Amino acid sequence: MAAFTTRWTTLIALAVVLAILGGAAEAQLSPNFYAKSCPNLATIVRQRMAAAVQREPRMAASILRLFFHDCFVNGCDGSLLLDGTNSEKAAGPNANSARGFEVIDAIKMQVEASCRATVSCADILALATRDGVNLVGGPTWSVPLGRRDSRAAFQSLANANLPGPGSSLATLIRMFGNQGLSARDMTALSGAHTIGRSQCQFFRSRIYTETNINGTFATRRQQTCPRSGGDTNLAPLDVTTADAFDNAYYKNLVQQRGLFHSDQELFNGGSQDTLVRQYSTNPGQFNADFIAAMIKMGNLKPATGTATEIRLNCRKPN
Ligand code: HEM
């Protein structure tokens, strides 16, 4: 009996050690992850993003959206950046919509020249996102690093996990909840819609059929988004300060000037109204909550068993 118990104790101890070692493979992210292995990383990303945003301010928005679309699909693993017919790029929410991949490629090339096979594409996207936001007037924060790139893309997960612009509040809360993000995280992250552009096809039904919309605003948007045709015509997501990262998104919502049905759902007599009002008058609170939620979203991990690597070219597995 004693020998039996001892053997079980040994087995349990071994299992605990293995679990700890297994966990170490996807250890906690840390802002200092590349401090020794790639000391110029932050400078390279910052300079490249500064040049890209100077060329086109919208690029800050496009890169931020890439990060969101990467993290919601098997965690922040660079899976969105892979090319191919089964790619996430070809999924409904991304096709003819997601943009900015060339900027990530250019950063990756320079990073590879400086520190070969060291920095993941997923980490480059996380850093580029932070710098883009900050370069157009948003806050800055230190980005936890140490992500690895997936060897495959997950097209069906991209179709399943990314919310569409017609989503209800309940759907938004559920889809963010599926990723371990709270309703508060969801409302703070939606503040990303203070920058960037949308195609007419994604807000047409709102500006022609909905009643919880400011009339002047609807008429203005109808000018360049006709009832039929012009599907890809662009409009700013934030009607007041289109290219500045600020809390104007929430001020717009309070005035029923949300561009998407899903935006206005955050301020339409539901559970997020109070928070939207707070963010609309307290930019400091918005910034703090946005940063916390970005770090939380950035911590989303690939499913266990996902094959990972440090990709050399963000568009294809090694
Ligand atoms: C809450 C649910 C969300 C929905 C339904 C949604 C939907 C959309 C749609 C339909 C577009 C326009 C795409 C196009 O015209 O091609 C867009 C743009 C954008 N989204 Fe969202 N989004 C959501 C949340 C987020 C989050 C959490 C972020 C980032 C943290 C984000 C960042 C952006 C940015 C920055 C743009 C502009 C991109 C550009 O100009 O290239 N969105 N979103």
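This report describes the ligand site of a predicted model and the positions that a database record annotates as a binding site.

**Iron coordination**

The protein supplies a single donor to the iron atom of the ligand, namely NE2 of His-193, at a distance of 2.1 Å. His-193 is located in the loop that links helix 8 (183-189) to strand 2 (197-199). Water is not among the atoms, so the metal site may look incomplete.

**Polar contacts of the ligand**

Oxygen atoms of the ligand also approach N or O atoms of Arg-58, Ser-62 and Gln-199. The table lists these distances.

| Residue | Protein atom (N or O) | Distance to a ligand oxygen atom |
|---|---|---|
| Arg-58 | side chain | 2.7 Å |
| Ser-62 | side chain | 2.6 Å |
| Gln-199 | backbone | 2.7 Å |

**Surroundings of the ligand**

The ligand occupies the largest pocket. Two or more residues of the shell around the ligand come from each of helix 3 (58-71), helix 7 (169-177) and strand 2. Helix 3 makes the greatest contribution to this shell, with six residues. In total, 26 residues surround the ligand, and the closest are Arg-58, Ser-62, Ser-97, His-193 and Gln-199. Divided by class, the shell comprises 13 nonpolar, nine polar and four charged residues.

**Annotated positions**

An unreviewed UniProt entry lists Thr-194, Asp-238, Thr-241 and Asp-246 under "binding site". These positions span 53 residues of sequence, yet they cluster in space, with a largest C-alpha distance of 9.8 Å. Thr-194 belongs to the loop between helix 8 and strand 2, and the iron donor residue His-193 lies in the loop between these elements as well.

Conventions. Residues numbered from 1 in each chain as written. Predicted model: local features only at pLDDT ≥ 70, side-chain atom pairs only at ≥ 80, totals over all residues. Heavy atoms only, no water. Donors = N, O, S within 2.8 Å, 3.2 Å for Na, K, Ca; no water. Helix = DSSP H or I, 4+ residues; strand = E, 2+ residues; numbered from the N terminus. Near = heavy atom within 4 Å. Polar contact = N/O pair within 3.5 Å; in protein donor to acceptor, adjacent residues only side chain to side chain. 1 Å grid on protein atoms, 1.4 Å probe; cavity = no way out; pocket = protein on both sides within 12 Å on 5 of 7 lines; lining within 4 Å. Sits in = over half its atoms within 2 Å of the grid points. Nonpolar A, V, L, I, M, F, W, Y, C, P; charged D, E, K, R; others polar. UniProt positions renumbered as here; feature names shortened; annotations may be inferred.
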